[in-house]
Amino acid sequence: MTQDPAGSLLSLPPPCLPVQALAGLARSHWQLAGTLHPLTSERDQNHRLDTARGSFTLKLANPAEPAALTEFQTLALLHTDHQAPDLPTPRVVPAQDGRAIVPTPEGALRLLTWLPGMPLAHLPRSPALAAAIGSALGRLDATLATFHHPAADHHLLWDIRNAADLAPLTDALPDDLRPGIAAVLARFSTHIAPALARLPRQVIHGDFNPHNLLADPADPTSLTGILDFGDMTLSHRICDLAVAASYLIDPSDPPALLIPLTQAYHRANPLSANEIRLLPDLITARLVTTLTISAWRAARYPENAAYILRNAPTSRAGLDALTDPAALATHLLTACGSPS
């Protein structure tokens, strides 16, 4: 049997347990009754649960997700809560019997606190907001640097270090994008991957995108939520910053938001010069990753295409704008005080 090139987690649709069954599980395991509202997700089944005791996020993991991987993500949330309680990450709500994870035939079930705020994707971008994102990510990565788990070093196609593995999926790309993306992937294999392999590795969030970050609309630079730890993996910390940067490119002036983002991260979690030099190429690799995986999954699951392709337009605009990675690297190095 041929293995799916995207891996089982990206190849299978999310679970689809009836709402009545989910409500019954919430009652029996957490003694909570209320109204369930479906939330969009790439590979899990998530609902907001509104109750008399407040709102929560009820998460049913994809049945293809190994139990060790669910545990890895859950323990990372507990670690962050303990080490950096002022970071606005979800809190794990234990079941009545004390378990953080309740196994079911349809997948692992968890309950998290609901975080208020509006997704940054719906708020205007600004240098101050970019700095707030960089600071939060720098602090989160500094916290995760001391977290270890046996399941951390798993293969995730979204992880930038695995960009070369995208090649089998590129047939799903639009004809006008395919040659340019093939060239980026070739350069990644020959030039970027060897340099990346020499940089620091640790557990990273992996998906610091504007749909996973919440803020107070009255004060957009005040982050109120860091969501979705489902793409966590053991990777290079500079890849985490590259993911965040890939969603903050102003096509008319790429350094405008990337400089305050990188400066703020560097203040919270100092980077080396080699990490900063590689950052623009890693941003490009992430844009290519987003475009390729999204095109492949949208073709496979057209009923969920709108959600899957939500980041494609900004990724394409960002890719078109990043025409001179070396010049951008020079700007970023200067802005961060030319670290050694």
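**Exercise 1. Which residues are linked with Asp 153 in a network of salt bridges?** Then describe one pair of the network and its exposure.

Solution.
Step 1. The model is a predicted one. In it, a network of salt bridges links Asp 153, Asp 159, Arg 161 and Arg 201.
Step 2. One pair to examine is Asp 153 and Arg 161, whose closest N and O atoms are 3.1 Å apart. A salt bridge needs a side-chain nitrogen of Lys or Arg within 4 Å of a carboxyl oxygen of Asp or Glu, and this pair forms one.
Step 3. For exposure, the cut-offs are under 20% for buried and over 50% for exposed, with partly exposed in between. Asp 153 has 48% relative accessibility, so it counts as partly exposed. Arg 161, with a relative accessible area of 23%, is also partly exposed.

**Exercise 2. Describe the salt bridges Asp 176–Arg 316 and Arg 286–Asp 207, and state where their residues lie.**

Solution.
Step 1. A search of the whole structure gives 13 salt bridges.
Step 2. Asp 176 and Arg 316 meet through their side chains at 2.1 Å, N to O. Asp 176 sits in the loop between α4 and α5, and Arg 316 in helix α10 (residues 312-321); the two are 140 residues apart, and the pair links distant parts of the chain.
Step 3. Asp 176 is exposed, because its relative accessibility is 55%. Arg 316 has a relative accessible area of 29% and is partly exposed.
Step 4. The side chains of Arg 286 and Asp 207 form a salt bridge at 3.3 Å, N to O. Arg 286 belongs to helix α8 and Asp 207 to the loop between β7 and β8 (213-216), so the bridge ties together parts that are 79 residues apart in sequence.
Step 5. Arg 286 and Asp 207 are both buried.

**Exercise 3. Why is helix α6 said to be largely enclosed by the rest of the structure?** Name the elements that its buried residues pack against.

Solution.
Step 1. Helix α6 covers residues 237-246, and ten of its ten residues are buried, so the rest of the structure largely encloses this helix. Among the buried residues are Arg 237, Asp 240 and Ser 246.
Step 2. The packing partners of these buried residues are α4 (127-144), α5 (178-196), β7 (201-204), β10 (233-236), α7 (255-268) and α8 (273-300).
Step 3. A residue to examine in β10 is Ser 235. Ser 235 counts as buried because its relative accessibility is 0%. Leaving aside neighbours within four places in sequence, Ser 235 is in contact with Asp 159, Arg 161, Pro 200, Arg 201, Gln 202 and Ile 204.

**Exercise 4. Check the length of helix α7 against the span expected from its residues.** Then list its packing partners.

Solution.
Step 1. The expected span is 1.5 Å times one less than the number of residues.
Step 2. For the 14 residues of α7 this gives 20 Å, and because the end C-alpha atoms are 20 Å apart, the two values agree.
Step 3. The buried residues of α7 include Pro 255, Leu 258, Thr 262 and His 266. The buried residues of α7 pack against α4, α6, α8 and α11 (325-335).

**Exercise 5. What is the volume of the largest pocket, and what is the volume of the largest cavity?** Describe the lining of each.

Solution.
Step 1. The largest pocket holds about 1,000 Å³ of space. Its lining has 43 residues, and those closest to the centre are Thr 40, His 211, Asn 212, Asp 228 and Tyr 307.
Step 2. Elements that give two or more residues to this lining include β1 (34-39), β2 (45-51), α3 (67-83) and α9 (305-308). The largest share, five residues, comes from α8.
Step 3. By type, the pocket lining consists of 16 nonpolar, 15 polar and twelve charged residues.
Step 4. The count of cavities of 30 Å³ or more is one. The largest cavity has a volume of about 40 Å³.
Step 5. Residues lining the largest cavity include Trp 158, Asp 159, Cys 239, Val 243 and Arg 286. This lining divides into six nonpolar, two polar and three charged residues.

**Exercise 6. Is Thr 70 buried or exposed?** Give its place and its contacts.

Solution.
Step 1. Thr 70 is part of helix α3.
Step 2. Its relative accessible area is 2%, so Thr 70 is buried.
Step 3. Neighbours within four places in sequence are left aside; Thr 70 is then in contact with Ala 61, Glu 65, Ile 101, Ala 108 and Arg 110.

Methods. Residues are numbered from 1 along each chain as its sequence is written. This is a predicted model: local features need pLDDT of at least 70, side-chain atom pairs count only at pLDDT 80 or more; totals for chains, interfaces and linings use all residues. Side-chain values use heavy atoms; hydrogens and water are left out. Buried means under 20% relative accessible area, exposed over 50%, partly exposed in between (1.4 Å probe, protein chains only). Helices (H or I, at least four residues) and strands (E, at least two) are DSSP runs, numbered from the N terminus. Contact means heavy atoms within 4.5 Å. On a 1 Å grid over the protein atoms alone, a cavity is a set of points where a 1.4 Å probe fits but cannot get out, and a pocket is an open set with protein on both sides within 12 Å along at least five of seven lines; lining residues have an atom within 4 Å of a point. Grid points are joined across faces, edges and corners, and a volume is the space filled by probe spheres set on the points. Ala, Val, Leu, Ile, Met, Phe, Trp, Tyr, Cys and Pro count as nonpolar, Asp, Glu, Lys and Arg as charged, and the others, Gly among them, as polar.
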